[in-house]
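Biologist: Walk me through this model. I want the reasoning behind each label.

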Amino acid sequence: MVLGSFVAGVSAAGGGAVAYPALTLLLAAKAHNAKDFSLLIQSVGMTAASLLIIYRRIEVEWKVLRLVALPGVMGVLIGSWYLVPFMNCRSAKLAFGAIWFAFALALYLVLTTRDYHRRTKVELGNRGGLVLVLTGLCGGMLTACFGSGADLSMFSVVVLYFGLCEKVATPTSVVLMAFLSLVGAFNRLWGVPIEAITLSRWFACIPIVVCGAPLGAYVCSLLSRNKVDLAVADINMPG
């Protein structure tokens, strides 16, 4: 979680994106335990990162969050009640790998296509609102199943479909994932009792993620600022 918490703050991928494969592949944990741990740990770490983002007034696309958040909550609840009970460990691992592959492809397109780096505000257009609502609903269901997914879904859609620059999309995805992680964590804590091994791992990692995720968000803000400064300097250069 030293690595996972830093990744959660500095990128669009939540800490669960590191914790889930580490638990299932390296520690041979059950898929549902890995999912529970991801939700619990992100509810602490990404909330801390979100508070730093708000405190430092890092640019966030709040219009997108308002359209994605409520469908995301519905997706978390639907996924928890109707999808998770029917998923076995093997299918969960395969689905998680497919989601990560799709995100890697989306990130590759972002890094190799300059047209996606120009806007700092989302222009919804005719179908934009519906696209974001569906993104939130699907992302919430992915979060219920794997502990993360809403952040990757929203980041990919707003960057590739709406052309939002990643320096705004990243903190926006962090705030969204923090909110949905809190919803998912409370839903799990009030539902079927979580296994003791998962709770002990959570308690052990809380001090780490409380520091690591805000550090990642702080580094992300510095990197974004440096990119802007370099771009301005490049424009002002003679010739």
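Modeller: Start with a helix pair in this predicted model. Helix α3 (residues 31-55) packs against helix α6 (residues 128-146), at about 115 degrees. Their axes lie 7 Å apart.

Biologist: What makes Lys35, Ser38 and Leu39 in α3 meet residues of α6?

Modeller: Contact means heavy atoms within 4.5 Å. Lys35, Ser38 and Leu39 have such contacts with Thr143, Ala144, Cys145 and Phe146 in α6.

Biologist: How is the contact of α3 with α6 divided by class?

Modeller: Leu, Ala, Cys and Phe count as nonpolar, and Lys as charged. Ser and Thr fall under the others, so they are polar. The contact therefore has four nonpolar, two polar and one charged residues.

Biologist: What is the secondary structure of the chain?

Modeller: Nine helices and zero strands. Along the sequence the pattern reads α-α-α-α-α-α-α-α-α.

Biologist: What share of the chain counts as buried?

Modeller: The cut-off is under 20% relative accessible area. Of the 239 residues, 48% count as buried.

Biologist: Where is confidence lowest, and where highest?

Modeller: Lowest in helix α9 (residues 196-236), at a mean of 71. Highest in helix α4 (residues 62-83), at 92. Over residues 228-239 the pLDDT is below 50. That stretch has one contact beyond near neighbours in sequence.

Biologist: Why hold back on detail where pLDDT is low?

Modeller: Because low pLDDT means that the predicted coordinates should not be read in detail. For the chain, the mean pLDDT is 81, and 89% of residues reach 70 or more.

Terms used. Residues numbered from 1 in each chain as written. Predicted model: local features only at pLDDT ≥ 70, side-chain atom pairs only at ≥ 80, totals over all residues. Heavy atoms only, no water. Helix = DSSP H or I, 4+ residues; strand = E, 2+ residues; numbered from the N terminus. Buried < 20%, exposed > 50% of the residue type's maximum accessible area, 1.4 Å probe, protein only. pLDDT = per-residue confidence, 0-100. Axes fitted to C-alpha atoms, helices over the stretch in contact; angles between N-to-C directions.
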